[in-house]
Amino acid sequence: MIHEYYKKETPEFKILIQLNPKSLRGLELIVFPDNTVQKTKRVFDEEIFDDLQEDEFTKCSPLEFNLNLKGFF
């Protein structure tokens, strides 16, 4: 299984997404300025790639996603 990773940063929080492009399942992280992390398992619809582009998400690395997942960022 190969995942794709996306992120978007705002002054209030950072959103990172791990997405399996075949099953459209993934994990969403919301990282707050105090480094607390909210994790949510997600099932995305077929329009997720258009939504990510429209919402100005950029690709990120698996390393960045996993460091945030573990609270190291």
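The following paragraphs lead the reader through a predicted model, beginning with its sheet and ending with two residues of a helix.

The sheet offers a convenient point of entry. Five strands form an open sheet in the order E4-E3-E2-E1-E5, and their pairing is antiparallel. Strands E4 and E5 stand at the edges with a single partner strand each, so one side of each has no neighbour in the sheet. In general, the strands of a sheet pair through backbone hydrogen bonds, in either a parallel or an antiparallel manner.

The individual pairings may now be followed across the sheet. E1 and E2 are joined by 6 bridges in the antiparallel sense, and these two strands form a hairpin with 4 residues between them. Within this pairing, Lys 7 has Leu 16 of E2 as its bridge partner. E1 also runs antiparallel to strand E5 (residues 58-59), to which 2 bridges join it. Here Lys 7 appears again, standing opposite Thr 58 in E5. Lys 7 is thus matched with Leu 16 in E2 and with Thr 58 in E5. E2 and E3 likewise pair in the antiparallel sense, over 6 bridges, and Ile 15 has Ile 30 in E3 as its bridge partner. Helix H2 packs on this sheet and touches E1, E2, E3 and E4, while its direction makes about 115 degrees with that of E2.

From the sheet, attention turns to the nonpolar interior. Which residues make up the largest nonpolar core? This core has 10 residues in all: Tyr 6, Ile 15, Ile 17, Leu 19, Leu 24, Ile 30, Phe 44, Ile 48, Leu 52 and Phe 57. Strand E2 (14-19) and helix H1 (48-54) are the elements that give two or more residues to this core. E2 gives the most, with 3 residues. A second, separate core has 7 residues, among them Leu 16, Leu 29, Val 31 and Phe 65.

The two bridge partners Ile 15 and Ile 30 are both members of the largest core. Leaving aside residues up to four places away in sequence, Ile 30 touches Phe 13, Lys 14, Ile 15, Thr 36, Val 37 and Gln 38. As a general point, the side chains of a regular strand alternate between the two faces of the sheet.

Aromatic rings supply further links within the chain. The count of aromatic pairs comes to 2. In one of them, the ring centres of Tyr 5 and Phe 65 are 5.4 Å apart and the planes stand at 50 degrees, so the pair is tilted. This pair links distant parts of the chain, 60 residues apart: Tyr 5 belongs to strand E1 (residues 4-9) and Phe 65 to helix H2 (residues 62-69). Both Tyr 5 and Phe 65 are buried. An edge-to-face pair is formed by Phe 13 and Phe 32, with 6.4 Å from centre to centre and 70 degrees between the planes. Phe 13 lies in the loop between E1 and E2, and Phe 32 in the loop between E3 and strand E4 (37-43), so that distant parts of the chain, 19 residues apart, are linked. Phe 13 counts as partly exposed because its relative accessibility is 28%, and Phe 32 is also partly exposed, at 31%.

One charged residue of the sheet deserves separate mention. Is Glu 28 buried or exposed? With a relative accessibility of 14%, Glu 28 counts as buried, since the cut-off for a buried residue is under 20%. Glu 28 is part of strand E3 (residues 25-31), and its side chain makes a polar contact of 2.9 Å with the side chain of Arg 42. Beyond four places in sequence, the residues that Glu 28 touches are Ile 15, Leu 16, Ile 17, Gln 38, Lys 39, Thr 40 and Arg 42.

The last stop is helix H1, which contains Asp 50 and Gln 53. Asp 50 is exposed, at 53% relative accessibility, and Gln 53 is exposed as well, with a relative accessible area of 62%. The C-alpha atoms of Asp 50 and Leu 69 are separated by 25 Å, with these positions 19 residues apart along the chain counted as their separation. For Gln 53 and Tyr 6, which are 47 residues apart along the chain, the C-alpha atoms are separated by 10.0 Å.

Technical notes:
Residues numbered from 1 in each chain as written. Predicted model: local features only at pLDDT ≥ 70, side-chain atom pairs only at ≥ 80, totals over all residues. Heavy atoms only, no water. Buried < 20%, exposed > 50% of the residue type's maximum accessible area, 1.4 Å probe, protein only. Polar contact = N/O pair within 3.5 Å; in protein donor to acceptor, adjacent residues only side chain to side chain. Contact = heavy atoms within 4.5 Å. Core = buried A, V, L, I, M, F, W, Y, C linked by side-chain atoms within 4.5 Å. Phe/Tyr/Trp six-rings, centres within 6.5 Å; stacked < 30°, edge-to-face > 60°. Pairing = 2+ DSSP bridges. Axes fitted to C-alpha atoms, helices over the stretch in contact; angles between N-to-C directions.
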